[in-house]
Every structure is written in structure tokens, then in C-alpha cells.
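Work through these short exercises with the structure open. Try each task before you read its solution.

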Amino acid sequence: MLRKMGEAVARVARKVNETVESGSDTLELRLEGNFLHRLPNEVSTLQHLKAIDLSRNQFHDFPEQLTTLPALENINLEENEIVDVPVEKLAAMPALRRINLRFNPLNAEVRVIAPPLIKFDMLMSPEGARAPPP
């Protein structure tokens, strides 16, 4: 287990470094399936990041540093353990077009508050839905 975690951390560090160094206008960071439960602080420096895939990780808390990224258009957090989402902060993000929160145990408050506040696509599974087996 520790070996897998070490490999995942190394893979994440490489991906973040590659993304920072590439300087591309169409930045995308793919960190799906890496046993992550929080993001490294370096993600906050990715001011041109347009898409991030954090699906199939172990986030319990929404990674709020994402709400500070002005160019971010697409967030994929499918299949994590997120209960609460900073809906007001997401609603204030100027470029956000889509957030995928399917197969997260979102609380009822998020399900009620989000729809009238947001101007982007917010994908959620029906309450109690479980991810299909791999």
C-alpha cells in the first residue's frame, strides 16, 4: 500500500510540474485514480489551467484552491467522497462551465442550494447512487 501511495505521489508531482512547465494556453491536468485526498499547494499557481480531472480519488473535502483559478472551465471530481461543496465560490468563478460531482455523497443542502445559484452544468447522481463496479 505504501509503495502504491509513493508511486501515486510521484506521478502527481510529475504531472503538476509538466503542466506548470508546459506554459500552454490549453492547460489540462489529469490526476484521476491517484488515491489523492488533497491537492498540492502548487496547483494554486496554475492560473491558466482550464480543466482538471480528479475523478476516482479519495477527496472528502472539496479542493477549495480550485475556486481561485480564474481560467478553470471544467472540474471533474466524479467518484470521490465529497459531502459539501462551496457553491457560492463556484458560482463566482468567471470561466467555470462544468463540474462533475457524480457518485459523491453530496449533502441535501448542496442539492437544494446549487441549482438556483449556478450558471454552469453541475452533474450530480441521484441521492444514494453508487458508482458502477470497475
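**Exercise 1.** Find the strand that pairs with E2 in the parallel sense over three bridges.

Solution. Keep in mind that this is a predicted model. Start at E2 and look for its parallel partner with three bridges: strand E3, residues 74-76. Now pick one residue pair. Asp53 has Asn76 in E3 as its bridge partner.

**Exercise 2.** Which strand do four bridges join to E2, and in which sense do the two run?

Solution. Go to residues 27-30, which form strand E1. Four bridges link E1 to E2, and the two run parallel. Check one pair: Leu29 is matched with Ile52 in E2.

**Exercise 3.** Explain why strand E2 is largely enclosed by the rest of the structure.

Solution. First, locate E2 at residues 49-53. Next, apply the cut-off: a residue is buried under 20% relative accessible area. Then count. Four of the five residues of E2 are buried, so the strand is largely enclosed by the rest of the structure.

**Exercise 4.** How many helices and strands does the protein have, and what pattern do they follow along the sequence?

Solution. Count the elements: three helices and five strands. Then read along the sequence. The pattern is α-β-β-β-α-β-α-β.

**Exercise 5.** Describe the whole protein in numbers: burial, contacts and surface.

Solution. Begin with burial. Of the 134 residues, 40% are buried. Turn to contacts with a separation of 6 or more: residues 24 or more positions apart account for 37% of them. Finish with the surface. The accessible surface is about 8,000 Å². Carbon and sulfur atoms hold 52% of that surface.

Terms used. Residues numbered from 1 in each chain as written. Predicted model: local features only at pLDDT ≥ 70, side-chain atom pairs only at ≥ 80, totals over all residues. Heavy atoms only, no water. Buried < 20%, exposed > 50% of the residue type's maximum accessible area, 1.4 Å probe, protein only. Contact = heavy atoms within 4.5 Å. Areas by Shrake-Rupley, 256 points an atom, 1.4 Å probe, with all protein chains shown as cover. Pairing = 2+ DSSP bridges.
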